[in-house]
Structure formats: C-alpha cells, structure tokens
Amino acid sequence: MHGRRSGTLRDLRRENRSAVLWSLYFDRPRSRQDLGAATGLSPASVTNVVRELLDEGIVTEVGSQDSDGGRPRRLLDVYAEHGFVIGVDVGETRVQAGLYDLTLVERAKAERPFGPGEHDVAAAVQAIADTLHAVLADAAVDPAAVLGVGIGVPAIVEQGPEAVVHGQTFGWNAVPLERLLRAHTDLPLRFENCAKTTGQAELWFGAGRGARTAAVALIGSGVGASLVSGGSIYRGVNSSAGEWGHTTIIADGRRCRCGSSGCLEAYVGAEAILERFADPAAAMSVADSASASASAGDAESALAALVAMDESPAAQALLAQTAEYLGIGIANLVNLFNPERVILAGWAGLMLGGRLLPAIRSAAERHSLKHPFAATSIELGRLGPESMVLGAATLPLEGFLNGAIGHRP
Ligand SMILES: [Zn+2]
C-alpha cells in the first residue's frame, strides 16, 4: 500500500515536470505564471517543479518581464548546456550525424559516404559509429553529457528490448542494429524509421506545427510517410504504418526494389524518376551535370538538373507525369486518412514540390473525394533536407522531455 502510494505520487510529479518542460520547450522564455496558464497546474505545483528544474540545471532564469502593476516576472528558459543529443540519419547514399545542445542548436556535424549497392550491415554500423565519434570529438563534448542518440533508418524498426530493423529494399532482414552498435558505444540509443523522424521534425519545428492530424510525405530515393494522429505518430501493429511508397498505383507496373511491382516508389522515388527519363539527349546532359558535381550525391544533382530543364519537352512530360503520380499518392492519403495537412518533405520531395506543387495539388484534388480534400492543405516541408538528422535528434529529446532519461546526479 505504502509503496503504491509513493509510486503514484512519483508518477504525478513526473507528469507535472514533463508538462512544464514540454510547455517551456516550445515557447521560450516563459514566466512561472505563463507556465501555470499553459499547463493548468497550480502556482504551487509550478513553483515546485521549476525549483527542481533550476536545481538540476535544466532550466535557467534569463531576465524578467514587466507585469501590469505587479512585480516583474522572472523569465525561465531551457539551459542549452545542460545536456546534448545526437541525431544520425542512415540515408541511401550517406550517413549523417549532428550533435546538438538541449535547445537543438547544432554544435557539430559529420558525414560518411554509404554508396548505393553497398548497403551491407557491417558498413552501415561502421559508418554510424564513425560519425558518432566524429561529432563527439569535433564538439569536444564529454560523452557523459550526452542524453542519448537517435538513429533514423530507411527501414521498419521493430521496437523491443533491442531494436531490430527490417529494410526490405536494402536486403536487411531482421538486422539486430542496436546490438551491433553496442560494440561501438555505450550511449543510450533510440531507433526509428526515417520517415517518422522527419515527420517528427516537421511536426515539432516545421510545417506540421500545431497540426493534430497530418501526413508527412517523405521522398528521397525511397518513399515513405509519417502519419500523425492526435499530435503523435501512428505506428500500427508492428511499427510499419506509413509504408506509403509501397502502395500500388499501377497494376503490373514497374518493378519496385521491394520485389513487388507498380509501387508509388517505383514512379516517384528519385532514382525511379531518373530511370523513367527516356529522352537520350536530355538524359545525356543530366548525366553530365551529375558528374560535374562531385560533392553532392549523383541522384541529387541529376534530379536537380532534370527539374530545371525548361527547354526539354521530354523532361516536361516526365515531370508532369510525376506530379500526377504524386498527386494520386497524396489523394490516397487524403481519402484514407483525412489529414488536415499533407507535408511534402525529403530532398527529392522538396525539389519536386518547389517546382511542381500547383500541379501536384491539382492532381491530388482530381483524385480525392471533395469533402476530405476541402479540409486538407498540401504544403512543402519547412526544414530542408537536414530535417532527417534533426528529426533523429528529437528521439532522445522526446525521452528527456517525458522524464524517461536525463536527471543525472
Ligand atoms: Zn515497393
């Protein structure tokens, strides 16, 4: 009985603490009075929680604000140096990592190539470990000050005692990625599908802010979506919800990397678009501009060149057709899921959307039911391609704000 009561009290304190932290995190700086109004907690509870957070060095006082007639109100902010988080994104062609302070200001970043066709697990683990060690060294941060590492992967992540990943298009079948990385680091690790990490970044800081129901469509080499319901990401029975790229849009269509045919990814994924580009003269100039840029991934520079080809009727036709397929894919999301917002993200999504958004919207409208479409806005992601690394960094931060990690002695 006694143990149970104290457990309940501890839960309540943790909930209050979490409510104050979340509220402060997304609207900084704030006074104790503002935090009370935002969380619904009593002034005494807010005072207690804030005292605890000040004592632990998570929150700091940053000046004061005049109040009408009363005493000036002290303003509180999150203390950026309290701890650090690392985000790692395992992409199709590279592994990128970023080290951030607690307010998500980037302190260091690193990148390792991870070539197409070399998606072997050992190479991925090594590249992740290398970027992790590189950002720690570059930022000169003591690993003990790192709250955790979030890792986004282009695969389904089965959460459990140890995360196991299923990347059908990579040939990763039940890869025990967490156990393999344990040989390289003792830091707390969290894994998630990269469409979901990007979705979370857009939801917290980008085009998804304030949305309760949204679909973040991620288009790079692969295609996926993050479905946000009630303000959090919907995962489904075994975490694979949002495998939008492998919904079929053409019966007996192009072969897809997943082994099926006619998938959306086989039409609007970056490599798929380049493969569909049949005009030999125009294709030649795409290849030239791709090889002229050694730093960026080949697919990125090739797609950028293709999107900019105003003089080529073949390129224009291909882009119009791509907008149509993408619009059909979005219409399927709208009809099935009834989101208030569809956000087009990922490097290829931003590239295509920057040029084709009106055509994509028009196709989505033609293929959607009128009632759900009227409630949906279709927007471009606001965070840019780096949202994948930032999104991965939100994984340990989310745990910290919830009170699951942190609170070091
Ligand atoms: Zn597929």
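Colleague: In this predicted model, at what angle do helix α10 and helix α12 pack, and how are they oriented to each other?
Modeller: Helix α10 covers residues 298-307 and helix α12 covers residues 347-367, and their axes lie 10 Å apart. The angle between the helices is about 10°. Angles under 35 degrees count as roughly parallel, and therefore α10 and α12 are roughly parallel to each other.

Colleague: How do the residues of the contact of α10 with α12 divide into nonpolar, polar and charged?
Modeller: From α10, the contact draws on Glu300, Leu303, Ala304 and Val307. Helix α12 contributes Trp347, Ala348, Met351, Leu352 and Arg355. The division is 7 nonpolar, no polar and 2 charged.

Colleague: Which helix gives the most to the largest nonpolar core?
Modeller: The largest nonpolar core has 120 residues, and Ile330 is one of those with the most contacts inside it. Leaving aside neighbours within four places in sequence, Ile330 is in contact with Ala217, Val342, Ile360, Ala364 and Ile378. With 12 residues, the helix that gives the most to this core is α11 (residues 313-337).

Colleague: Is Val146 buried or exposed?
Modeller: Val146 is found in strand β7, residues 146-153. Not counting residues up to four places away in sequence, Val146 touches Phe84, Ile86, Val141 and Leu187. A residue needs 20 or more C-beta neighbours within 10 Å to be buried. Because Val146 has 21 such neighbours inside 10 Å, Val146 counts as buried.

Colleague: What distance separates the centres of domain 1 and domain 2?
Modeller: The domain assignment gives domain 1 as 2-78 and domain 2 as 83-198 + 388-401. Taken over C-alpha atoms, the centres of domain 1 and domain 2 are separated by 31 Å.

Key. Residues numbered from 1 in each chain as written. Predicted model: local features only at pLDDT ≥ 70, side-chain atom pairs only at ≥ 80, totals over all residues. Axes fitted to C-alpha atoms, helices over the stretch in contact; angles between N-to-C directions. Helix = DSSP H or I, 4+ residues; strand = E, 2+ residues; numbered from the N terminus. Parallel < 35°, antiparallel > 145°, perpendicular 65-115°, else oblique. Contact = placed C-beta atoms within 7 Å. Nonpolar A, V, L, I, M, F, W, Y, C, P; charged D, E, K, R; others polar. Domains from an automatic or database assignment. Core = buried A, V, L, I, M, F, W, Y, C linked by C-beta atoms within 7 Å. Buried ≥ 20, exposed ≤ 12 C-beta atoms within 10 Å, placed from the backbone.
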